[in-house]
Amino acid sequence: MRIAVEEKVLNENQRLALELRRRFQNHGVFCLNLISAPGSGKTSLLERTLEAMAPDARVAVLTGDIQTENDARRLAGAGFPVKQITTGGTCHLDAKMITKALADWDLSKIDVLFIENVGNLVCPASYDLGEDAKVVLLSVTEGEDKPLKYPGIFLKSELCVINKTDLLPYVQFDLAVARENARKVHPGIEFVEISCTARNGLEEWLAWVYRRQQKAIGAPTL
Amino acid sequence: MHELGIAESILERVQYESAQRNGVRITKVGVRVGELSGVDPGALAFGFEALVKDTPFESLVLEIDLRKRVQRCATCAREYESSLLFSACPDCGSQDTRCIAGDELDIAFIELEDPPCE
């Protein structure tokens, strides 16, 4: 006898993610989920982002890794709340880990929450963390065909940040082809080109974050 | 490689459904996996097999229904199966289309063992 179940496999994650999204909305928290391969520059981008914030900015970071507290140490220097989530082998963050990590944080004191996912272009795409938007990072040393090889995450991300553009003279990476490949998967995806090392393009990134935040909290766009 | 965790979630659901029905034996579980779900069907089947081995669920069959990406054209409302990579609307050529299916990761059904004949 066949019985219909018709539920998402990750039903429990989805339930917790919706709960997180509701909490974020209630407290006016704008949340971004940063996803990339290991070494594309998620932590560097966050370092530059935190540096650029006013000292009284209400910004916080959750950073995920399989092991080590290295990223949290790197990011804590800016003086904003930072918490490391070590997954102990799991290749992605899930909504339960986020819920647990936020347990002793007062969300009413946070305006922008960055979640740095575990370095991985595959699995994090499957797990909703209650974020307002996913952002995928691609560095020019990885090759411009990544969007074609890992379409899921490029489809689900609103913004593609292309990092390490200072290395463009030394690597075979065609920016136009990379953009075209990402658009083949997701025609509406937006782009920002940056170099965390040379500190290029960061204003554009911060402007995107600000615009997206305004949209999320329903402010009239300028 | 999160397929083992996905397989675990599926098995947990099966155990729950069985417990809800006085421990009736479940013979098959059907899942829908979209090509954009980020789940590799081969790895999922492999993980599932490893998980049920030497357990009371060893004979449980996992049926995977692979789903293609489906786009809906915003201009002419045509719905069409697209490749993994986006393609424009085959009718009107519009690029303004939305992905409406292909990222499924659902448990569709379970099959229970037939009750013994009276």
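Welcome to this predicted model. Start in chain A by selecting β3 (residues 59-65) together with β4 (82-86): the two strands pair in the parallel sense over five bridges. For a close look at one of those pairings, pick Leu62(A), whose bridge partner in β4(A) is Lys83(A).

Now widen the selection to the sheet around them. Seven strands of chain A make up an open sheet with parallel pairing, and you can walk across it in the order β4-β3-β5-β2-β6-β7-β8. At the edges you will find β4(A) and β8(A) (190-193); each has a single partner strand, so one side of each is left without a neighbour in the sheet. Sight along the sheet, and you can look for the turn between neighbouring strands, which is 20 degrees on average, direction ignored.

Next, add helix α7 of chain A, residues 175-185. This helix lies across β6 (133-139), β7 (157-163) and β8 of chain A, and runs at about 160 degrees to β7(A).

Then bring chain B into view. Here 25 residues of chain B are in contact with 24 residues of chain A. On the chain B side, α1 (3-20) and β6 (105-112) are the elements that give two or more residues, and β6(B) provides the largest share, eight residues. Colour that side of chain B by residue class and you should get 16 nonpolar, five polar and four charged residues.

For the last stop, keep β6(B) selected and add β1 of chain A, residues 2-8. These two strands pair in the antiparallel sense over five bridges. Zoom in on Glu7(A), and you will see Ile107(B) of β6(B) standing opposite.

Methods: Residues are numbered from 1 along each chain as its sequence is written. Chains are lettered from A and ligands numbered from 1 in the order in which they are written. This is a predicted model: local features need pLDDT of at least 70, side-chain atom pairs count only at pLDDT 80 or more; totals for chains, interfaces and linings use all residues. Two residues are in contact if their C-beta atoms, placed from the backbone, lie within 7 Å. Helices (H or I, at least four residues) and strands (E, at least two) are DSSP runs, numbered from the N terminus. Ala, Val, Leu, Ile, Met, Phe, Trp, Tyr, Cys and Pro count as nonpolar, Asp, Glu, Lys and Arg as charged, and the others, Gly among them, as polar. Two strands pair if DSSP finds at least two bridges between them. Axes are lines fitted to C-alpha atoms, for helices over the stretch in contact, and angles run from 0 to 180 degrees between N-to-C directions.
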